[in-house]
Amino acid sequence: MEKASSITEEDVRKIASLAKLSLSPDEISRYQSQFVKILDSIAELSRLNVENVPPTSSVLGLKNAFREDQAIPFEKNQALIDNAPEKDGPFFKVPKIIE
Amino acid sequence: MKNIISLSASKIAEEVSSGNLKAEEVVQAHLERIKTEDPKVRAFITVLEENALAAAREIDSKRSHGKKLGKLAGVPVAVKDNILVEGVETTCASKILKGFKAPYDATITQKLKKEDAVIIGKTNLDEFAMGSSNENSAFFKTKNPWNLETVPGGSSGGSAAAVAARMAPLSLASDTGGSIRQPASFCGLVGVKPTYGAVSRYGLIAFASSLDQIGPMARSVEDAALLLSSIAGHDPKDSTSAPQAQNRFSGKPLENVRGLKIGIPREYFAEGLDPEVRKSVWNAVDYLKTLGAEVKDVTLPHTSYAVATYYIIAPSEAASNLARFDGVRYGYRAQNIKSLSELYEKSRGEGFGPEVKRRIMLGTYALSSGYYDAYYNRAQKARTLIARDFENVFKEVDFLATPTAPSVAFKFGEKSADPVAMYLSDIFTIPSNLAGNASLSIPCGLNKDHLPIGLQLIAPAFEDEKLLALAATVEKAVNFPQLN
């Protein structure tokens with residue numbers, strides 16, 4: 001685990017870009033100092049010996065939960081469209097992205 | 001029968017089923033209580049006055065037509081605002097979902113309706129269930145009915161405050177790292193985090209999918225068991241729900257405590273624990289001892305790694321789950337956008353609050369190329385060790401008894417400036433989510449300032465019924481006061 005205090009504002013900007021979040025310069029500087037603290041507080045994990053320990057992603061140990069591939073009619077399409085910030089008939093409307 | 005708002009849910013269901021009480025009277029009484037109490041407490045984001053009265057009248061008419069009513073006949077239930085109720089605004093207390101109307105019911109919402117419960121309103125939470133005090137709600141702060149200057153806990157602070165202030169006898173909440181148990185502890189309630197997979201999460205807006213679990217909050221173990229019986233069980237629509245999930249919980253005390261082994265994990269009683277909390281928890285344990293339980297000092301050696309493990313796994317899963325909020329199909333969309341990327345970035349940047357953004361970034365960082373092994377992969381391995389601690393200890397004892405939180409309810413602003421201090425308030429509840437076992441909080445006393453103290457009881461996975469029975473045994477001895 002890298003030393004957390006090496007997190008710079010530039011790193012925060014890069015993470016925000018990966019996470020698709022626009023942040024103000026104020027937010028970037030605040031998150032930078034908080035990240036240093038948070039990452040320092042979780043750095044203790046690097047001292048834990050995890051050699052030969054398998055990772056846990058499901059505590060139930062469930063593997064694939066298969067079911068029949070059956071189409072179930074959904075009749076509330078309008079309720080879905082009604083939630084859109086912008087719509088056009090039965091479509092979600094987005095700003096033009098291709099010139 | 002005059003004081004309807006003080007009745008238990010079980011009693012209400014019984015009286016409505018037998019015709020001694022009308023569901024409409026019950027709902028009306030609670031709506032009136034909301035009108036007088038909620039301006040102070042602010043538990044509800046939405047109060048469903050008309051819907052609730054209409055549903056109540058329908059239940060009354062069903063009965064007058066000779067139909068048998070369900071387990072929750074006429075019982076008002078407050079629902080955390082991250083659970084879908086068809087046609088009703090579901091916000092997660094976030095600006096990004098303001099105005100979002102659920103297009104369908106969560107499985108548990110359907111189950112409530114099937115049992116003739118009445119959904120009375122949607123309760124406040126820390127935005128997207130990320131927080132321990134309700135201070136992260138984008139709308140307003142819910143207050144602790146025991147002392148309005150203190151936090152109700154979180155993230156299910158609204159669900160806790162609604163039941164504590166008798167605005168509803170029952171509420172539904174979700175628990176990812178303690179979000180049911182910690183507010184139950186702060187508000188003097190029974191709050192159950194059932195075994196992972198015991199309750200369907202179809203229609204719960206996801207935070208951290210390998211940790212999230214839905215459960216009941218109530219003023220008694222019997223009521224909590226009644227609600228859990230109504231919502232638990234396998235659901236084909238939730239691929240993580242457990243095929244072996246049960247749906248019958250009596251909430252009756254254990255017949256015999258003699259010979260029962262209760263483990264006291266020493267890591268949970270370490271430095272930093274409020275002395276009054278320690279004393280009150282030990283009183284409850286000592287009572288079980290007088291009934292014949294064997295109390296054993298045990299160790300869960302990886303406990304100190306739980307918070308760090310959680311704050312890698314939960315934000316990583318949140319970063320993925322919250323990627324769906326992109327300003328396209330629902331929720332907030334930023335204006336004056338010039339590119340697709342800008343649409344995403346600005347909608348999310350303006351729509352999410354500070355804690356949600358912090359966690360999305362933390363998760364994005366932990367999952368990003370070059371850091372995955374050091375953070376996420378290592379945390380998943382640590383999780384295995386934490387789960388093994390429980391497996392090992394449950395070979396020696398039947399249950400664990402611990403404090404639910406290191407302190408009683410704290411004051412507004414006390415921890416909100418320091419994310420790390422806030423994260424530590426879930427130090428005793430997080431391990432159960434990581435291990436997936438069954439746990440609950442039950443009030444075990446009041447401190448000198450008249451604030452509730454919670455006892456956490458933990459059982460192996462799928463021992464929810466026994467866990468509730470043990471809690472009911474403790475409840476009888478504690479005789480915890482109701483809030484007026």
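**Chain A, overall.** I started with the secondary structure of chain A and counted 3 helices and 2 strands. I am working from a predicted model, so I keep in mind that local features here need pLDDT of at least 70. Following chain A along the sequence, I read the pattern α-α-α-β-β. Next I looked up the radius of gyration: chain A comes to 23 Å, well over the 13 Å that the globule rule gives for 99 residues, so chain A is more spread out than a compact globule. For the extents, I noted that its C-alpha atoms fill a box of roughly 55 × 45 × 25 Å along the principal axes. Burial is at 17% of the 99 residues in chain A.

**Chain B, overall.** I then turned to chain B and found 15 helices and 11 strands. Its radius of gyration is 21 Å, which agrees with the value near 23 Å that a compact globule of 484 residues would have. The C-alpha trace of chain B spans about 65 × 55 × 45 Å along its principal axes. I have 63% of the 484 residues in chain B down as buried. I also checked contacts between residues at least 6 apart in the sequence of chain B, and 75% of them join residues at least 24 apart.

**Where the chains meet.** How many residues does each chain bring to the contact? I got 43 residues from chain A and 54 residues from chain B. On the chain A side, α1 (9–18), α2 (25–42) and α3 (77–82) each supply at least two residues. The most comes from α2(A), with 6 residues. Sorting the chain A side by class, I wrote down 28 nonpolar, 7 polar and 8 charged residues.

**Helix α2 of chain B.** This helix covers residues 23–41, 19 in number, and reaches 25 Å from first C-alpha to last, close to the 27 Å expected at 1.5 Å a residue. I found a kink of about 40 degrees at B:K35, shortly before the proline B:P39. I listed the buried residues of α2(B), among them B:V26, B:V27, B:L31, B:I34 and B:V41; B:E24, B:H30 and B:D38 are also in that buried set. What do the buried residues of α2(B) pack against? My list is α1 (9–18), β1 (44–47), α3 (49–64), β2 (76–80), β3 (118–123) and α5 (157–164), all of chain B. Just after the helix, B:R42 takes a positive phi of about 60 degrees.

**Helix α8 of chain B.** I looked at α8(B) next: residues 275–290, 16 of them, reaching 22 Å against an expected 22 Å. Its buried residues are B:V277, B:S280, B:V281, B:A284 and B:L288. Seen down the axis of α8(B), they fall within an arc of 95 degrees, so they line one face of the helix. I reminded myself that an α-helix has 3.6 residues a turn, so residues three or four places apart point the same way. Which exposed residues sit on the face of α8(B) turned away from the buried side? I found B:P275, B:D286 and B:T290 there. Over the buried residues of α8(B) I noted a cover that includes the strands β7 (261–265), β9 (399–403), β10 (438–446) and β11 (452–459), along with helix α15 (464–478), from chain B. My last stop was B:G292, just after α8(B), which takes a positive phi of about 110 degrees.

Key
Residues numbered from 1 in each chain as written. Chains lettered and ligands numbered in written order. Predicted model: local features only at pLDDT ≥ 70, side-chain atom pairs only at ≥ 80, totals over all residues. Helix = DSSP H or I, 4+ residues; strand = E, 2+ residues; numbered from the N terminus. Expected span 1.5 Å × (residues − 1). Buried ≥ 20, exposed ≤ 12 C-beta atoms within 10 Å, placed from the backbone. Arc of directions from axis to C-beta. Contact = placed C-beta atoms within 7 Å. Nonpolar A, V, L, I, M, F, W, Y, C, P; charged D, E, K, R; others polar. Bend = angle between axes of the 7 residues up to and from the residue. Rg over C-alpha atoms; globule rule 2.2 N^0.38 Å.
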